[in-house]
Amino acid sequence: MQRLWALGQRPLTPSLFRSIHSSSVSNAAPVASTASSPDTTPSASTKWTANSIRTGLIARKRGMTSLWNDQGARLPVTVLQLENCQVTANIKTLRKDNTEYHAVQVAASDKPAKNTSQQMLGHFRKAKVSPKRIVREFPVTPDAHVPVGTTLSAIHFVPGQYVDVTANSIGKGFQGPMKRWGFKGLRASHGVSISHRSGGSTGAHQDPGRVWPGKKMAARMGGTQVTTQNLHVVRVDTSLNLIYVRGAVPGVDDAHVMIRDAKKKMTALSMHNQAKGLYEKVLPKGVDDLPFPAGTTELAKKLPAVVEAPAYRRSLFIPQE
C-alpha cells in the first residue's frame with residue numbers, strides 16, 4: 001500500500017473537474033447492438049441524462065486504509081481495484097408485459113482457459129475477450145449499452161459521487177440471538193441459572209401452539225449478499241485502476257464486489273431534481289457530468305494518474321469567526 005502515496009497529487013480544482021467531464025462526454029463510445037437482437041440500431045445520444053442508468057463494475061476488495069483530504073481531516077477508505085474488467089455482452093429481452101429489459105454483461109479477473117468450461121470459452125471467444133473468473137450483468141437504460149469487448153477503467157466513477165457496493169458478507173458461523181440480533185440477554189444474577197445469553201421464550205402457549213416463521217433465533221450469521229449504499233468516492237487512481245470509497249465494504253479481502261451508481265443518492269435523486277427543475281442539484285456537488293456510457297481505458301489515458309475529490313465542508317482546524 002505504500003507505493004500508492006508516491007502517485008499522490010494535489011486535489012483537482014472544480015475547473016479541472018469540468019474539463020474531465022467534458023472530455024469524457026466527447027470520448028464516449030457509441031452504443032453497440034445487443035446480443036439478443038443484433039438488428040438493434042445504435043443510439044445517437046452519448047450524453048448522460050438524469051434518466052440514464054449506467055452499467056456497474058466488478059472489482060476486488062484490497063483492504064482498508066486512511067487518507068487525508070486537503071483540510072487535513074482523516075478519512076477511512078476501502079481500496080477497490082479493477083482487474084481487466086471488460087464488457088462481454090449487451091442484453092435486450094422482452095418481458096411478458098411487452099416492456100424491454102436492457103442490461104450490460106461485465107466480466108473481470110482473467111482465468112486460465114484450462115479451468116474454464118467449453119460453454120464459457122465459446123462465450124468469451126465470441127466477445128473477443130480472455131476467459132474471466134466472474135461474470136455479472138447490470139440493468140441499464142436503452143441508451144447506456146457499451147460495445148462488446150470494451151475495457152472499463154476506474155474513471156467510470158467520478159470522485160465526489162456516491163456508489164452502492166454489493167458483495168457476500170463475511171461468514172461468522174452459528175451465533176446466538178445476542179450477537180445475531182442484538183438481544184439484551186437475561187439478568188446477570190437473581191435467579192437466572194446458566195441462561196444469561198439465551199434467547200428467552202419462543203412460543204406463545206397453546207394458541208398458536210407453534211413458533212411463528214421468521215422468529216429471531218440462533219442460526220448461521222453472515223455469508224449472505226449485502227449491499228452498502230451511498231458510499232462517497234474519495235479518490236480514483238487511473239494508473240493502478242483503484243477506487244477509494246469512504247467507509248466499509250462487505251466481504252473479505254480480495255473478494256469480488258459489484259460497484260454501481262448509488263440508487264438513492266444518485267439515480268433517484270437526479271431524476272427527482274431534474275423533474276423539479278433543480279438542474280444544479282442533479283449531480284452531487286462538484287460533479288458536473290459522468291462518463292457515458294462508460295469510463296474506458298482510452299479515456300483514462302487522457303486524464304491525470306490520480307483524481308481526488310476536494311473537501312467542501314468547513315475545515316475543523318480553522319476557528320469560526
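This report walks through a predicted model of one protein chain, from its overall make-up to its cores, its hollow spaces and two single residues.

**The chain as a whole**

Let's start with the basics. The protein chain is 321 residues long, and 42% of them count as buried. Along the chain you'll find five helices and 12 strands. Now think about who touches whom: if you take contacts between residues at least 6 apart in sequence, 76% of them join residues at least 24 apart. On the outside, the chain exposes about 17700 Å², with 53% of that supplied by carbon and sulfur atoms.

**Nonpolar cores**

Next, the inside. The largest nonpolar core has 46 residues, and Ile-243 and Ile-259 have the most contacts within it. Several elements give two or more residues to this core: strands E1 (57–68), E4 (100–110), E5, E6 (162–168), E9 (225–237), E10 (242–246) and E11, together with helix H5 (297–300). Another core, of seven residues, lies apart from this one; Leu-67, Leu-75, Val-77 and Leu-242 are among its members.

Ile-243 deserves a closer look. Leaving aside neighbours within four places in sequence, Ile-243 is in contact with Ile-259, and also with residues including Leu-57, Leu-80, Phe-157 and Val-233.

**A pocket and a cavity**

The model has some empty space too. It holds one cavity of 30 Å³ or more. Here is that cavity's entry in a table with the second largest pocket:

| Space | Volume | Nonpolar lining | Polar lining | Charged lining |
|---|---|---|---|---|
| Second largest pocket | about 270 Å³ | four residues | three residues | four residues |
| Largest cavity | about 80 Å³ | six residues | three residues | two residues |

Which residues line the second largest pocket? They are Ile-53, Arg-54, Thr-55, Gly-56, Phe-138, Pro-139, Val-140, Arg-260, Asp-261, Lys-263 and Thr-267. Strand E5 (132–139), strand E11 (256–261) and H4 are the elements that give two or more residues to this lining.

As for the largest cavity, its lining is made up of Trp-48, Ala-50, Ser-52, Ile-53, Arg-54, Asp-261, Met-266, Thr-267, Ser-270, Leu-283 and Leu-290. H4 supplies the largest share of that lining, with three residues. If you compare the two lists, you'll spot Ile-53, Arg-54, Asp-261 and Thr-267 in both.

**Two residues up close**

Met-271 sits in helix H4 (residues 263–276). Leaving out neighbours within four places in sequence, Met-271 is in contact with Ala-50, Asn-51 and Ile-53. Thr-49 makes a nice example of how the chain folds back: Met-271 and Thr-49 are 222 residues apart in sequence, yet their C-alpha atoms are 8.9 Å apart in space.

Is Met-271 buried, exposed or partly exposed? Its relative accessible area is 30%, so Met-271 counts as partly exposed, given that buried means under 20% and exposed means over 50%.

Now for Ser-153, which you'll find in the loop between E5 and E6. Why does Ser-153 count as buried? Because its relative accessibility is 1%, and the limit for buried is under 20%. Not counting residues up to four places away in sequence, Ser-153 touches Leu-57, Leu-82, Asn-241, Gly-295, Thr-296, Thr-297 and Ala-300. Two of these names may ring a bell, since Leu-57 and Leu-82 are also in contact with Ile-243.

Terms used: Residues are numbered from 1 along each chain as its sequence is written. This is a predicted model: local features need pLDDT of at least 70, side-chain atom pairs count only at pLDDT 80 or more; totals for chains, interfaces and linings use all residues. Side-chain values use heavy atoms; hydrogens and water are left out. Helices (H or I, at least four residues) and strands (E, at least two) are DSSP runs, numbered from the N terminus. Buried means under 20% relative accessible area, exposed over 50%, partly exposed in between (1.4 Å probe, protein chains only). Contact means heavy atoms within 4.5 Å. Accessible areas come from the Shrake-Rupley method with a 1.4 Å probe; for residues, only the protein chains shown count as cover. On a 1 Å grid over the protein atoms alone, a cavity is a set of points where a 1.4 Å probe fits but cannot get out, and a pocket is an open set with protein on both sides within 12 Å along at least five of seven lines; lining residues have an atom within 4 Å of a point. Grid points are joined across faces, edges and corners, and a volume is the space filled by probe spheres set on the points. Ala, Val, Leu, Ile, Met, Phe, Trp, Tyr, Cys and Pro count as nonpolar, Asp, Glu, Lys and Arg as charged, and the others, Gly among them, as polar. A nonpolar core is a set of buried Ala, Val, Leu, Ile, Met, Phe, Trp, Tyr and Cys residues joined through side-chain atoms within 4.5 Å.
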